[in-house]
Structure formats: C-alpha cells, structure tokens
Amino acid sequence: MTPDEIRIKRITITATEEVKPLWERIDRWWLLFFAVLLITSLLILYRPDPYGRIFVFLQDGIRVTMSITVVSFLLILLVGLIGGLGRIAKNPLIKGIASIYVEIIRGIPLLVQLLFIYYASPILLRDFGTKLIGLWPSMANRLINIKLNPFGAAVAGLTICYGAYMSEIFRAGIESIPKGQMEAARSLGMSYFQAMRYVILPQAVRVILPPVGNEFVALLKDSSLVSVVAVADMTRRGREFMASTFLALETWMMVALLYLVMTLFLSRIVAYLERKTSFVR
Amino acid sequence: MSDNVDNIIEIERVSKRFGRVVALDDVSLTVKRGEVVVIIGPSGSGKSTLLRCINHLESVDSGRIVVDGIPLTEAKNIDKVRAEVGMVFQSFNLFPHLTALENITLAQRVVRKRSQKEAEEIAHQLLAKVGIPEKANAYPGQLSGGQQQRVAIARALAMQPKIMLFDEPTSALDPEMIKEVLDVMLDLAREGMTMVVVSHEMGFVKAAAKRIFFMCDGRIIEETTPDSLSLAACKEERTRQFLSKILI
Ligand SMILES: Nc1ncnc2c1ncn2[C@@H]1O[C@H](COP(=O)(O)OP(=O)(O)OP(=O)(O)O)[C@@H](O)[C@H]1O
Ligand SMILES: [Mg+2]
C-alpha cells in the first residue's frame with residue numbers, strides 16, 4: 001500500500017466509527033435480557049402471591065446454583081488445562097491417560113455420572129476399605145465410614161464431566177496456534193512450560209474464550225441435574241415448593257425465568273469479552 | 001577436527017529422516033568463530049533441517065553436533081546451546097499478542113532473568129540498531145514484513161547469542177523491504193557475528209559470505225567462496241543447473 005492508500009484507509013475507518021449511532025454500537029441482545037429481567041421483576045413485585053413467595057422460597061437455591069456453578073467452573077478450567085496439555089504431551093503414558101479420560105467421560109451421560117458418584121462410589125470405597133482393613137486400619141476405617149457431602153459430590157461430578165470437554169477445548173485452542181510460535185520461544189531458550197505460559201496460552205485464551213464461555217452457560221443449566229443428588233439448588237427448591245403447593249405452572253415459570261435471566265446475562269458478557277479480546281494476527 | 005577451539009559449530013556425519021524422506025544424509029560441516037557461512041540449494045534439499053538441527057529444533061538420527069564446545073546430546077545442554085544460538089525464521093514468528101518491545105524483552109526476563117528496566121533498555125538499543133526505534137509500542141500486526149523481520153532479529157540479538165541462524169529471512173518479503181533486512185544482517189556480519197545463513201540473495205552472499213555450501217538431496221555436494229562463485233568454477237552439474245537460475 002502506498003502512504004496515500006494507507007491514509008485513505010485510516011480516514012474511512014475513523015469515519016465509520018464516528019458515524020455509527022449509539023443504537024448500532026450496542027449489542028441489541030441486551031434488550032432481550034432486560035425484557036426478561038423486567039417481566040420477572042414485575043411478576044415478583046406485582047403478583048407477590050404466588051410469584052413473590054416462590055422467589056423468596058427459591059432464594060437459597062439460587063445461591064446454591066450460583067456457587068456450585070462457579071466453584072465447579074474454576075476446577076473445570078484447571079482440569080481442562082491439565083487435560084489439554086496431557087492430550088498434546090509427547091510422553092505416551094501421559095497422553096494415553098488424558099485421552100482415555102476424555103473418551104470415557106464423554107461417553108457417559110452427566111446424570112448417570114452424578115448418580116454414580118453419589119450413590120455408587122461410596123459402595124466401591126467401602127468395599128475397598130474392608131479389603132484394606134488388615135493392611136492399613138486407619139485408612140480402611142475412614143473409607144468404610146465415608147459419607148459423601150452432596151455439594152462436594154455434585155462439584156466432583158460436574159468437574160469430572162465438564163473437565164473432559166474442557167480438555168478438548170484447551171487442546172484445540174493450543175493446537176490452533178502456529179507451530180512457529182513454540183519454535184521461536186524455544187529457540188530463545190525458553191522451556192516448554194515457559195513457552196506455554198508466556199507465548200502459547202495467552203494467544204490460545206483468545207481462541208478458546210467463546211467456547212469456554214459457552215461451557216460456562218451450559219454448566220449453569222446442567223447444574224440443575226445436581227438436584228438428583230440431594231443438593232438444594234434452584235431446581236430442587238422448585239420441586240419442593242411445587243410438592244407443598246401444587247402450583248406447577250407458576251413454580252416452573254419462575255424457575256425458568258430465573259435461569260433465563262442468568263444465562264442471557266452471561267451470554268452477553270461472553271459476547272462482550274469475545275469482541276474485546278480479538279486481535280489482528 | 002573436534003578439538004579445534006576455533007570451530008564454534010561442528011557437525012559430524014549427521015543424518016536425519018522424516019519417515020521415508022531422507023532430509024539430511026551424512027552431512028559434515030564446521031563453522032569457525034566469526035565466520036559467515038551461506039547454505040544454498042533447491043527446495044527440499046535439507047537446508048532448513050540442517051539449520052534447525054543446530055539448535056535442536058529437530059533431533060538428529062545419527063551423527064554429532066557440538067556448538068561452542070557443548071555437545072547437543074543431553075536435555076540440559078540443549079537449553080544451554082539455545083541460549084547461545086539466535087534464530088531468525090522465514091515467517092518472522094513474532095509473538096502477535098506482544099508489542100515489538102515486549103517481544104524483545106520477554107525472553108530476556110524469563111530466560112536471562114534481567115529486570116524489566118534493563119531488558120527494556122537493551123530492547124530500545126536494539127530497535128535503534130535495526131533502524132525502527134519508533135516502533136517499540138507497535139504490535140506485529142501493525143508492522144510491515146521488513147519491520148517485523150527486523151524486530152525478530154532484535155529479539156534474537158537481545159539474548160546476546162554467539163551464533164545467529166537465518167532461515168531464508170527475506171524470502172517472505174516484498175522486494176523493497178529485502179534491502180532493509182539485508183543491511184541489518186550485513187552490519188552484524190561486519191561486527192564479527194558468527195552466522196549461518198540460508199539465502200539466495202546473491203548480493204548479500206557476495207558481500208558477506210566467507211564460504212558457500214550447496215545442498216542437494218540432503219547432502220552438501222559442493223563448497224566454494226564468493227570470489228569463485230561462477231557457473232564455470234563449479235564442478236557439479238546440479239550446482240551449475242541451480243546457479244544458472246539464481247545468478248543474474
Ligand atoms: N517436519 C517434517 N515432517 C516431514 N518431512 C519433513 C519435515 N520437515 C522437512 N521435511 C522434509 O525434509 C526434506 C528437507 O526439508 P527442508 O525443509 O530442510 O528443505 P529446504 O532445503 O529448507 O527447502 P525449502 O527451500 O523449500 O525451504 C523435504 O523433503 C521436506 O519435505
Ligand atoms: Mg527451508
């Protein structure tokens with residue numbers, strides 16, 4: 001490009017930026033979020049019976065749903081990073097373990113995994129404990145008397161399941177960075193992990209941000225499954241309320257609206273971050 | 001030959017294959033301290049592979065490579081060698097998420113453990129040396145190809161390497177940018193940097209090279225000097241064929 005062409009291009013870019021009205025620049029999907037938020041608030045404020053009552057009853061559940069989602073998600077990111085690095089490892093043992101984990105976990109429904117962890121794994125641990133009693137009594141007793149905390153079991157189940165999918169996202173993200181980047185970093189004397197940390201992952205993050213954000217939204221919705229393992233999340237509280245009042249329509253309407261408010265909000269945040277972090281290669 | 005302290009790179013009978021492709025076939029080559037050596041040859045003849053073996057971006061199947069007295073065998077030696085050898089790639093390979101300055105300071109800080117301030121001072125000096133002091137805060141995507149390649153050279157120089165490897169540093173550049181990169185390389189050669197260069201830029205070869213090696217099918221088939229670089233002087237038919245295409 002000649003200097004003139006560059007200048008013209010620069011002018012057109014600034015021009016389009018200036019001319020664009022506010023209406024064009026804001027993400028219009030926010031309107032849907034605010035509409036749903038408004039409907040939900042109006043229902044709670046102007047129809048306190050039953051919607052206000054339902055909302056108050058659900059409040060604890062909302063908190064549980066949020067904390068389960070956030071805690072699991074942080075662990076899932078960790079598992080995803082380790083699993084993703086494992087999947088691309090040169091060492092065949094590490095690679096094998098990571099690949100088997102991903103393949104097996106992706107083949108079992110999340111609901112079944114949660115039921116397995118909560119109801120079946122204590123039996124396995126107890127059996128193992130009875131076998132261990134001669135060798136290591138203190139450990140054996142611990143295993144035999146094990147009692148799973150529902151919240152912990154739910155977080156473990158979600159982490160193991162979503163960790164497998166997250167590993168694949170991390171793997172794909174890392175592999176999408178051109179090979180020359182790792183070579184340039186290594187040829188400057190950086191170790192593999194230094195190169196990952198300072199060169200590959202910061203670039204991969206921009207690639208994986210959209211799918212990771214989508215996983216977070218999906219996790220929030222799938223967290224409703226933990227209601228089957230005695231965790232009093234929003235869905236379980238909804239079931240309890242319905243059982244005592246028989247207000248099926250109102251209860252599930254409220255639960256659905258509350259999930260929708262949360263997921264629509266998160267989707268907009270994800271979309272915003274996506275735009276914010278894209279860069280020219 | 002392996003005891004000669006003047007030899008900074010010693011490549012002895014190195015072979016390397018990729019599956020069925022023989023990329024290097026029993027290659028031996030020594031480079032003296034301060035020498036500029038140029039490797040030329042047709043596409044696929046193994047030039048890049050040879051260069052990449054010197055800092056162990058590729059491992060060799062057989063043979064021996066010693067860089068500045070350090071044999072390239074154990075893992076800990078590899079990092080030592082890489083710290084002494086700078087490499088410049090055809091496709092620049094700048095880190096696109098970092099500014100020019102950050103590209104040059106990153107390895108100084110994490111490998112050489114220099115302070116941010118010291119690393120930045122060195123980076124600014126090097127950017128001035130390669131002629132783009134005003135581009136410190138530009139991202140690679142905002143630089144022309146020639147500017148990117150000069151940042152890449154500065155990035156390698158920041159590690160104070162004893163050897164610089166150049167793999168076709170100008171072949172991805174538009175003609176008007178080639179000179180600015182070659183000028184930087186010529187300066188380096190004059191300062192006494194040991195350089196191994198894969199390049200078909202005959203102007204540079206004649207001005208800077210001490211020795212020229214022709215590669216073909218994974219072998220070094222001929223060695224010559226810039227003074228005797230002419231079709232008639234070459235013994236091998238394939239060298240003559242190749243030269244007739246690149247000499248004007
Ligand atoms: N990673 C790899 N995997 C498989 N084959 C490879 C790999 N790298 C190089 N080769 C093969 O080895 C041979 C030598 O390649 P090399 O890149 O060293 O050639 P070159 O002389 O640098 O060619 P060019 O001028 O095209 O860059 C070629 O046949 C190439 O296809
Ligand atoms: Mg090459």
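Contact between two helices is taken here to mean heavy atoms within 4.5 Å. In this predicted model, helix 4 of chain A meets helix 12 of chain A through A:Pro50, A:Tyr51, A:Ile54, A:Phe55, A:Leu58, A:Ile62, A:Thr65 and A:Met66 on the side of helix 4, and through A:Glu250, A:Thr251, A:Met253, A:Met254, A:Val255, A:Leu258, A:Tyr259 and A:Met262 on the side of helix 12. By class, the residues of this contact comprise 13 nonpolar, two polar and one charged. The axes of helix 4 of chain A and helix 12 of chain A (residues 248-277) come within 10 Å and cross at roughly 45°, which means that the two helices are oblique to each other. The crossing of helix 4 of chain A past helix 12 of chain A is right-handed.

Two backbone features belong to the description of these elements. The peptide bond that leads from A:Asp49 to A:Pro50 is cis, with omega near 10°, and A:Pro50 lies in helix 4 of chain A, where this proline is also among the residues that meet helix 12 of chain A. A:Phe246, although not a glycine, has a positive phi of about 60°, and this phenylalanine is placed in the loop between helix 11 (234-245) and helix 12 of chain A.

Helix 4 of chain A (residues 48-87) also packs with helix 10 of chain A (residues 192-222), at an angle of about 140° and with the axes 11 Å apart; helix 4 of chain A is therefore oblique to helix 10 of chain A. The crossing in this pair is right-handed. The residues contributed by helix 4 of chain A are A:Thr65, A:Thr69, A:Val70, A:Ser72, A:Phe73, A:Ile76, A:Leu77, A:Leu81 and A:Leu85, and they are met by A:Tyr192, A:Phe193, A:Met196, A:Leu201, A:Val212, A:Phe216, A:Leu219 and A:Leu220 of helix 10 of chain A. The residues of this contact divide into 14 nonpolar, three polar and no charged. A:Thr65 takes part both in the contact with helix 10 of chain A and in the contact with helix 12 of chain A.

A further pair in chain A is formed by helix 6 (residues 110-132) and helix 8 (residues 150-175), whose axes come within 9 Å and cross at roughly 140°, so that helix 6 of chain A is oblique to helix 8 of chain A. Helix 6 of chain A passes helix 8 of chain A in a right-handed crossing. From helix 6 of chain A, the contact involves A:Leu110, A:Gln113, A:Leu114, A:Ile117 and A:Tyr118, whereas helix 8 of chain A supplies A:Pro150, A:Ala153, A:Ala154, A:Ala156, A:Gly157, A:Leu158, A:Ile160, A:Cys161 and A:Tyr162. Twelve nonpolar and two polar residues make up this contact, with no charged residue.

In chain B, ligand 1 is surrounded by B:Phe18, B:Val21, B:Ala23, B:Pro42, B:Ser43, B:Gly44, B:Ser45, B:Gly46, B:Lys47, B:Ser48, B:Thr49 and B:Glu168. A polar side-chain atom of B:Ser43 lies 2.5 Å from an oxygen atom of the ligand, and an N or O atom in the side chain of B:Thr49 is 2.5 Å from an oxygen atom of ligand 1. From B:Gly44, a backbone N or O atom lies 2.8 Å from an oxygen atom of ligand 1.

Methods
Residues are numbered from 1 along each chain as its sequence is written. Chains are lettered from A and ligands numbered from 1 in the order in which they are written. This is a predicted model: local features need pLDDT of at least 70, side-chain atom pairs count only at pLDDT 80 or more; totals for chains, interfaces and linings use all residues. Side-chain values use heavy atoms; hydrogens and water are left out. Axes are lines fitted to C-alpha atoms, for helices over the stretch in contact, and angles run from 0 to 180 degrees between N-to-C directions. Helices (H or I, at least four residues) and strands (E, at least two) are DSSP runs, numbered from the N terminus. Angles under 35 degrees count as roughly parallel, over 145 as roughly antiparallel, 65 to 115 as roughly perpendicular and the rest as oblique. A crossing is left-handed if the near helix is turned anticlockwise from the far one by less than a right angle, and right-handed if clockwise. Ala, Val, Leu, Ile, Met, Phe, Trp, Tyr, Cys and Pro count as nonpolar, Asp, Glu, Lys and Arg as charged, and the others, Gly among them, as polar. A residue is near a molecule or strand if one of its heavy atoms lies within 4 Å of it. A polar contact is a pair of N or O atoms within 3.5 Å; within protein, one must be able to donate a hydrogen and the other to accept it, and residues adjacent in sequence count only if both atoms are side-chain atoms.
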